[in-house]
Amino acid sequence: MHPSEILFWGILSFLAGVAVASFGWSVFALAGIACIASISAIILKRNTYLARYIFLFFLFMFLGAFYFNAYLNFISYKQDIVFDRKIQFSGVILEEPRRYERYQFFDVRLREPYAGKIRIISSPALEFSYGDVIEATGTIENQESPETPPVSPFPEINIIARHQGFWLKELLLEFKSRLVGRIIEFLPTNEGALLSGITLGDRSHITSDFKAQMVVSGTTHIVALSGYNIAIIAIVVSKLFGKFVSRRRNFYLTNLLILAFVAMVGAEPSVVRAALMAFLVLLAREVGGIYDIKNAIAVAGGVMILANPTSLVYDVGFQLSFASLFGIVYLSPAISEFFGLDDDASSWKQNAVLTLSAQLAVVPIVLSSFGNVSLLAIAANVLILEFMPLTMFFGFVLAGLANISAYFGFIIAKAVQPLLAYEVLVIQTFSAISIPIQINFSLGVSILYYAGLALVCVAIKNRNKPGFCKEQ
C-alpha cells in the first residue's frame, strides 16, 4: 500500500476510534477486537498482509479512543469548579459575546480559587467585550455534552478590568464592531441585519421573526460563517476572478480574500475552520482532481480533532463543514456529469449544482440535529447565492467607505438595498411556502444514506465506460 494510502486510512481509523469512544466504547474492548480480528484473518485466510492491515486499523482506532479519553481526563484535571451552588467567581472573557434579542452568552476563563472554562448567559442589555475581567455571583451547572462547557445562567456580574485579552484580537473585534455599526446605520432592520451577517458573520441584529423565517426557508447558513457558506461563496468569487486572471493567480487571490475575511471577523475558531474548508475546496479545484484532495481533507480533519476530539460527534458545525465539503468536492462533479454540465455552464446552473450537492450531503445531520428540512431550500439558496458575491462586495465597500464619509455610505447603501430587499423577499416567501420533511435519521440510516450517495457517484462516474451495466 502506498504511504499516502496508509496516511489516509490511518487517520480515518484514528477518527473512527474517537467516534466509538465518544459513544462510550472501551479502549480495552477495541484492543481485544484488534487481536481477535488479526488472529482470525491469519487462521481463515492465511494472509499475513490482511492480518497486518486489520491489526493496524484497530491499532489506530485504539489510539483514537485512548486519545479521546485522555483529552477528557486532562480537561477534567485542569478544571476546579463548584457546581450547583451559589458562589462568587471571576474570570476573563475569551471571545466576543454572541448577542441575541433575549440573551447573550460568552465563554470565560476562571481565575483563582477556581479553574477551567465556563459559559455565561446574561441579559443582552449588558455590554461586555472580549478581554473584560468580570466578577460574578451565581450558580454553575455542568453539561451532559463534553463539547459544551459548564454554564452559569444569568449571574450578577460586574466588570472589574478591561483589555486583558490578546491586543491584536481585541483590535480586530473592535474594528468589526465599527463596521457592523456602519452597516446597520444606513439600512432598514432586516436588510442591515442580513448584510452584516453575510459580510461579517454578525447575527446580533437579526430579529427573532426574521431568524425563524431563515430557519424555515433553509437559508440560516447564509449568515453563519460555516464551511458550507464560505466554500460556496469562495468558489463563486473564484469563478469571477477567473474571468480576468490566470488560474494560478485566481487561486492565490481568492485565498488572499479568505485570509482578509478571517482577519476582519476576528479569527474565531469556527471562522478559521470555515476558511480552511473553503481553502480545501479551492485546492481540490486547483490540483484538477477529486482524489488528490482526500489526504488534505483527512489531515485537516485529523488536526482539528487533535485540537478538540469532542468536535467529531458533539459539534454540529464541525459535521456540517466536512459533510458539505465532501458534497461539493465529490458529489457535485457527479451531478454535473449526470446533467451534462461543463465549466462553461451558466453561473446559476453551477450554483444550483453546488447547492444541491452540499444540501444532499448534510441532510442526515440537519434532520437529526434540527428536526426538519425544507424541500424548497435548494431553490431558495440558488435564488440568493446567484447574487451573493455582488452583495458581499457592496457590503465590504459600504462598511469601509461609511467610516470615511457618511455621504459615500449613504450612496452605497442605496445601491445595495435593492439586492438585500430581493434576498429578504426570497427568504420570507420560501418560509411561507415551505414544504418541511421530518424523518428520524438514526446512525444506521445515516450510514446507509451516505453509502447510497457514494454508490450513485461511482455509478455516474463509470456509466460511460465500456462494458458498464451491459449484459455479459
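**Group meeting: a pocket, two helix pairs and some local features**

Let me begin with the second largest pocket, which is lined by 45 residues, with Phe322, Ala323, Phe326, Ser446 and Tyr450 lying nearest its centre. I should say at once that this is a predicted model, and that the values I quote are computed from it. About 2,000 Å³ of space lies in this second largest pocket. If you follow its lining along the chain, the elements that give two or more residues to it are α1 (3-22), α10 (294-307), α11 (311-314), α12 (316-338), α13 (347-370) and α17 (443-462). Which element gives the largest share of that lining? It is α12, which supplies 12 residues. Sorted by class, the lining of the second largest pocket has 34 nonpolar, 8 polar and 3 charged residues.

Staying with α12, I turn to how this helix packs against α10. The two helices meet at an angle of about 180 degrees, with their axes 12 Å apart, and α10 and α12 are therefore roughly antiparallel to each other. On the α10 side the contact is made by Lys294, Ile297, Ala300, Gly301, Met304 and Ile305, while α12 brings Phe318, Phe322, Leu325, Phe326 and Tyr330. By class, the residues of the contact of α10 with α12 divide into 9 nonpolar, 1 polar and 1 charged. You will have heard two of these names already, since Phe322 and Phe326 of α12 take part in this contact and are also listed among the residues nearest the centre of the second largest pocket.

A second helix pair has another geometry. Helix α5 (residues 189-200) and helix α16 (residues 406-432) pack at an angle of about 95 degrees, their axes being 9 Å apart, and they are therefore roughly perpendicular to each other. Here α5 contributes Asn190, Glu191, Leu194, Leu195 and Ile198, and α16 contributes Val416, Leu420, Ala421, Glu423, Val424, Ile427 and Gln428. The residues of this contact of α5 with α16 divide into 8 nonpolar, 2 polar and 2 charged.

Now to charged pairs. Side chains of opposite charge can pair when their charged atoms come close. How many salt bridges does a search of the whole structure find? The search finds 5, and one that I would point out joins Lys176 to Glu96, with the closest N and O atoms 3.2 Å apart. This pair links distant parts of the chain, 80 residues apart, with Lys176 in helix α4 (residues 167-186) and Glu96 in the loop between β1 (87-93) and β2 (98-99).

Finally, two details of the backbone. Most residues other than glycine have a negative phi, and most peptide bonds are trans. Asp84, in the loop between α3 (48-78) and β1, has a positive phi of about 55 degrees although it is not a glycine. The peptide bond from Glu112 to Pro113 is cis, with omega near 15 degrees, and Pro113 sits in the loop between β3 (104-110) and β4 (117-122).

Conventions: Residues are numbered from 1 along each chain as its sequence is written. This is a predicted model: local features need pLDDT of at least 70, side-chain atom pairs count only at pLDDT 80 or more; totals for chains, interfaces and linings use all residues. Side-chain values use heavy atoms; hydrogens and water are left out. Axes are lines fitted to C-alpha atoms, for helices over the stretch in contact, and angles run from 0 to 180 degrees between N-to-C directions. Helices (H or I, at least four residues) and strands (E, at least two) are DSSP runs, numbered from the N terminus. Angles under 35 degrees count as roughly parallel, over 145 as roughly antiparallel, 65 to 115 as roughly perpendicular and the rest as oblique. Contact means heavy atoms within 4.5 Å. Ala, Val, Leu, Ile, Met, Phe, Trp, Tyr, Cys and Pro count as nonpolar, Asp, Glu, Lys and Arg as charged, and the others, Gly among them, as polar. On a 1 Å grid over the protein atoms alone, a cavity is a set of points where a 1.4 Å probe fits but cannot get out, and a pocket is an open set with protein on both sides within 12 Å along at least five of seven lines; lining residues have an atom within 4 Å of a point. Grid points are joined across faces, edges and corners, and a volume is the space filled by probe spheres set on the points. A salt bridge is a side-chain nitrogen of Lys or Arg within 4 Å of a carboxyl oxygen of Asp or Glu.
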